[in-house]
Amino acid sequence: MPEDATDHRLMARAIQLAARGLYTTEPNPRVGCVLARDGEIVGEGWHVRAGEGHAEVNALAQAGERARGATAYVTLEPCSHFGKTPPCANALIDAGVSRVVAAMQDPNPQVAGQGLARLRAAGIEVDCGLLESEARDLNPGFIKRMQQGLPWVRLKLAMSLDGRTAMASGESQWITGPQARADVQRLRARSGAVISGADSVLLDDSALTVRAAELGLDADLATAAAASQPLRVLIDGRLRVPLQQRLFREAGPVLVACADTQQREAEYRHDGAELLALPGEQGRVDLGGLLQELGRRGCNEVLVESGADLAGAFWRAALVDELIVYMAPRLLGSRARPLLDLPFDRMAEAMDLDVTDMRVIGRDWRITARPVSSFRE
């Protein structure tokens with residue numbers, strides 16, 4: 001097999017390994033590493049969770065002495081700084097690897113090329129950029145947070161074939177089938193935070209938790225994914241949601257974003273929740289300020305699950321990176337609620353989307369789309 005084909009094969013394996021950390025690495029990136037000699041794998045590893053060994057360290061431990069003279073294929077530039085673990089660039093140098101192939105440079109300003117430079121300075125051959133697009137797709141939130149201080153925002157909605165999300169009364173359970181709902185559980189599990197609004201929580205008594213039995217994953221991975229619950233964020237400008245709701249009764253961290261705390265911090269703290277005032281215009285919560293706060297807290301990916309009003313507010317503020325719509329083969333009728341609150345009057349106001357994926361999930365369809373670049377600029 002030609003050398004470039006071998007490189008592609010081994011980097012593809014590293015990317016496959018990195019994906020095993022999809023639900024457990026927050027706030028760290030998902031990273032995989034393969035060590036090979038003459039095209040034969042001698043060690044491999046991935047980053048499992050924050051605070052534990054990085055992918056390179058795990059691969060080196062498996063390879064042992066066979067790492068000397070090997071090529072390391074890493075989905076992200078090896079780190080060069082001390083965090084909770086020592087620098088991976090140093091570990092590769094000490095192990096005696098002869099070549100490092102990185103899929104992409106680390107967007108972390110603390111690294112940003114320094115890891116590759118350290119390897120080159122030690123006489124190691126370095127290549128960067130192989131399967132970069134695939135590597136970037138593993139960590140859209142980490143990349144955005146490192147570059148902009150903001151998490152990657154997914155807006156999840158479920159609708160009928162005629163574009164409706166709930167009956168006029170607000171009743172919405174269940175538009176989609178069990179397979180689609182399991183898919184949403186996996187979206188929650190990969191997110192650092194799940195955001196919902198007061199109206200949705202009051203109507204559905206939502207818990208917004210990740211439930212291992214509903215993830216549709218193997219038992220060990222499901223247990224690990226559910227063990228680290230995302231931060232559940234309730235946007236409740238006027239503090240209308242009673243503390244007796246399921247959201248506050250389920251285990252796991254809860255942040256309530258409001259326009260005014262009304263000096264009720266101690267009351268919420270007693271029930272295990274944090275109250276945070278983020279006043280915006282017209283007595284509403286500052287959504288941009290909320291995302292900045294979540295970025296400071298290390299949230300790479302954020303999932304918004306809400307009704308049309310809050311979903312429309314996120315969209316109109318140009319805060320959405322990705323729209324995920326589950327479409328069920330049923331009709332709710334013209335009196336039912338729309339997908340997003342976007343009060344357009346003219347065709348010129350219409351917004352275009354780039355559809356990046358469309359697939360069948362059980363009896364439903366999942367459509368993944370992103371705003372066109374002109375909307376983001």
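This is a short walk through a predicted model, with a suggestion at each stop for what to select.

**Stop 1: three annotated residues**

Start by selecting His-54, Cys-79 and Cys-88, which an unreviewed UniProt entry lists under "binding site". Along the chain they are spread over 35 residues, yet in space they cluster, with a largest C-alpha distance of 9.3 Å.

Now pick Cys-79 on its own. You'll find Cys-79 in the loop between β3 (71–74) and α3 (88–95). Is Cys-79 buried or exposed? With a relative accessible area of 8%, Cys-79 is buried, because anything under 20% counts as buried. Show what surrounds Cys-79: leaving out neighbours within four places in sequence, its contacts are His-54, Glu-56, Pro-86, Pro-87, Cys-88, Ala-89 and Val-111. Both of the other annotated residues, His-54 and Cys-88, are on that list.

Move on to Cys-88, which is found in helix α3. Cys-88 is buried too, at 1% relative accessibility. Not counting residues up to four places away in sequence, Cys-88 touches His-54, Glu-56, Val-57, Pro-78 and Cys-79.

**Stop 2: are those cysteines bonded?**

Keep Cys-79 and Cys-88 on screen and look at their sulfur atoms. Why is there no disulfide between Cys-88 and Cys-79? The two sulfurs are 3.7 Å apart, which is too far for a bond because a disulfide needs them within 2.5 Å. In fact, a search of the whole structure turns up zero disulfides.

For another case, jump to Cys-258. Cys-258 is in no disulfide either, and the nearest cysteine sulfur, in Cys-299, is 18 Å away. Cys-258 is buried, at 0% relative accessibility.

**Stop 3: the sheet**

Next, switch to a cartoon view and find the open sheet of five strands. Reading across it, the order is β2-β1-β3-β4-β5, and the pairing is mixed. At the edges sit β2 (40–46) and β5 (125–128), each of which pairs on one side only. Ignoring direction, neighbouring strands in this sheet are turned by 15 degrees against each other on average.

Zoom in on β3. How does β3 pair with each of its partners, β1 and β4? Strand β1 (residues 32–37) pairs with β3 in the antiparallel sense, over four bridges. With strand β4 (residues 99–102), β3 pairs in the parallel sense, also over four bridges.

Select Ala-72 to see this at one residue: Ala-72 is the bridge partner of Leu-35, and Ala-72 also stands opposite Val-100 in β4. A little further along, Val-74 stands opposite Ala-102 in β4.

Turn on the side chains of β3 as well. Thr-71 and Tyr-73 point one way while Ala-72 and Val-74 point the other, and all of them are buried.

Before leaving, add helix α4 (residues 114–121), which packs on the sheet and touches β4 and β5. The direction of α4 makes about 155 degrees with that of β5.

**Stop 4: an enclosed helix**

Last, select helix α6 (residues 140–148). How many of its nine residues are buried? Seven are, so α6 is largely enclosed by the rest of the structure. Colour the buried ones to see them: Pro-140, Gly-141, Phe-142, Ile-143, Lys-144, Arg-145 and Met-146. Just after α6 comes Gly-149, where phi is positive, near 75 degrees.

Methods: Residues numbered from 1 in each chain as written. Predicted model: local features only at pLDDT ≥ 70, side-chain atom pairs only at ≥ 80, totals over all residues. Heavy atoms only, no water. UniProt positions renumbered as here; feature names shortened; annotations may be inferred. Helix = DSSP H or I, 4+ residues; strand = E, 2+ residues; numbered from the N terminus. Buried < 20%, exposed > 50% of the residue type's maximum accessible area, 1.4 Å probe, protein only. Contact = heavy atoms within 4.5 Å. Pairing = 2+ DSSP bridges. Axes fitted to C-alpha atoms, helices over the stretch in contact; angles between N-to-C directions.
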